[in-house]
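New to this one? Take a look at the model below, and then we'll walk through it together, starting with a pocket.

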Amino acid sequence: MSEQPLRLDTRIAVLLRDDLAAWQRLNVTSFLVSGLSSQIPEVIGAPYEDAGGVGYLPMFRQPVLVFEATKEVLRAAHARALSRSLTRAVFTADLFSTGNDTDNRAAVRAVPTADLDLVGLAVYGPKGGVDKVVKGARMHP
């Protein structure tokens, strides 16, 4: 007997700046969602196993919606995420030129909140709140 589908009242969204190269979009998305998964254990489901008994890591229990937007819409979304106190992760343009985690954190720490050159934002929270944060963005093609 299979479990009933889980109906979640939360949402995970990633917002990417629309001027990024394809490799940058993939890189930014993977970094951003790794931050969410590390801090919100309830978004992670059970491990997977194939019919041969080989085990695989657990993944998110819910879809990750990916959006794109202009620099201005991304900045406004960041402000809305902060004002709503939603769980968030950021990726700034400076991180493309760093080579390790320590330098990544230092690059973000060196810039005041209002001056961050955001290229990506991930948010997690109630569906309505996340929907308001990504207002003005469009689904990633």
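## The pocket

This is a predicted model, and its largest pocket has a volume of about 330 Å³. Who lines that pocket? Going along the chain, you'll meet Phe31, Leu32, Ser34 and Gly35, then Ala89, Val90, Phe91 and Leu95, and finally Asp101, Asn104, Arg105 and Val108.

Which elements each supply at least two residues of this lining? They are helix H1 (22-39), strand S5 (87-92) and helix H3 (101-109).

## How the chain is laid out

Zooming out, you can count four helices and seven strands in the chain. Start at the N terminus and the elements go β-α-β-β-β-α-β-α-β-α-β.

Now for contacts along the sequence. Take the ones between residues at least 6 apart: 75% of them join residues at least 24 apart.

## Box, burial and surface

If you drew a box along the principal axes, the C-alpha atoms would fill roughly 55 × 35 × 25 Å. The chain has 141 residues, and 34% of them count as buried.

As for the outside, the accessible surface adds up to about 8500 Å². Carbon and sulfur atoms account for 56% of that surface.

## Charges

How many positive and negative side chains are there? The chain carries 16 positive ones and 15 negative ones. Find the centre of each set, and you'll see that the two centres lie 8 Å apart.

Conventions
Residues numbered from 1 in each chain as written. Predicted model: local features only at pLDDT ≥ 70, side-chain atom pairs only at ≥ 80, totals over all residues. Heavy atoms only, no water. Buried < 20%, exposed > 50% of the residue type's maximum accessible area, 1.4 Å probe, protein only. Contact = heavy atoms within 4.5 Å. Areas by Shrake-Rupley, 256 points an atom, 1.4 Å probe, with all protein chains shown as cover. Lys, Arg positive; Asp, Glu negative; His and termini not counted. Charge placed at Lys NZ, Arg CZ, Asp CG, Glu CD. 1 Å grid on protein atoms, 1.4 Å probe; cavity = no way out; pocket = protein on both sides within 12 Å on 5 of 7 lines; lining within 4 Å. Points joined across faces, edges and corners; volume = space filled by probe spheres on them.
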